Amino acid sequence: KADGLASLGLYGDAWDVLESLLPADRMLPEVLAVQLKICQGLERWELGQEVARRIEPGDEPRHREAAGRFHLAHAIAQCAARDVLGARVAVWVMSLVWPEGREVALDSEALATIW
């Protein structure tokens, strides 16, 4: 339900659904992936970085992709703010957790300034 709400841009409602879960369930990778979608939508980069640290390179590909896409969006936001170093760091972190996303980053016109 929270994922659907987040996909509709109802980030506050989605977060409320996640908050109603038991504390142990909030640490599940699929819940963390939805939290990342919410953080990205609300541009809560610091909180999202904390959440993304809980998803590891050994986790399922779909969870790693969620973390990678969060870092990619953060890199794009950093580029828009003219923080090239911050964008490069975000792409580097993305490549660690989601190596499959490197091509996506390389093809992103929004990241052209960091190459």
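Trainee: Which residues does Met27 touch, not counting residues up to four places away in sequence?

Mentor: A contact means heavy atoms within 4.5 Å, and with those sequence neighbours left out, Met27 touches Leu32 and Arg54. This is a predicted model, in which local features need pLDDT of at least 70 and side-chain atom pairs count only at pLDDT 80 or more, whereas totals for chains, interfaces and linings use all residues. Residues are numbered from 1 along each chain as its sequence is written, and side-chain values use heavy atoms, with hydrogens and water left out.

Trainee: Where does Met27 lie, and is Met27 buried, partly exposed or exposed?

Mentor: Met27 lies in the loop between α2 (11-19) and α3, where helices (H or I, at least four residues) and strands (E, at least two) are DSSP runs numbered from the N terminus. Buried means under 20% relative accessible area, exposed over 50%, and partly exposed in between, with a 1.4 Å probe and protein chains only; at 45%, Met27 is partly exposed. Met27 and Lys1 are 26 residues apart in sequence, and their C-alpha atoms are 17 Å apart in space.

Trainee: How should I read two polar side chains, Gln35 and His63: are they buried or exposed?

Mentor: Gln35, in helix α3 (residues 29-42), has a relative accessible area of 7% and is therefore buried; its contacts, without the residues up to four places away, are Trp15, Leu18, Arg26 and Val51. His63, in helix α5, counts as buried at 3% relative accessibility, and with the same neighbours in sequence left out, His63 touches Pro29, Glu30, Ala33 and Ile55.

Trainee: How many aromatic pairs does a search of the whole structure find, and how is such a pair described?

Mentor: In general, a pair of aromatic rings is described by the distance of the centres and the angle of the planes. Here the search finds 1 aromatic pair. The rings of Trp45 and Phe70 have centres 5.5 Å apart and planes at 50 degrees, so the pair is tilted (rings of Phe, Tyr and Trp, the latter by its six-membered ring, pair if their centres lie within 6.5 Å; planes under 30 degrees apart are stacked, over 60 edge-to-face, and the rest tilted). Because Trp45 lies in helix α4 (residues 45-52) and Phe70 in helix α5 (residues 61-80), the pair ties together parts that are 25 residues apart in sequence. Trp45 is buried at 16% relative accessible area, and Phe70 is buried at 0%.

Trainee: Which residues other than glycine have a positive phi?

Mentor: Most residues other than glycine have a negative phi. Glu43 has a phi near 55 degrees and lies in the loop between α3 and α4, where Glu43 counts as exposed at 57% relative accessibility. Arg82 has a positive phi of about 65 degrees and sits in the loop between α5 and α6 (84-97), exposed with a relative accessible area of 76%.

Trainee: How many helices and strands are there in the protein chain, and what share of the residues is buried?

Mentor: The protein chain has 7 helices and 0 strands, and 38% of its 115 residues are buried. Among contacts with a separation of 6 or more, 50% join residues 24 or more positions apart. The C-alpha atoms fill a box of roughly 45 × 30 × 20 Å along the principal axes.
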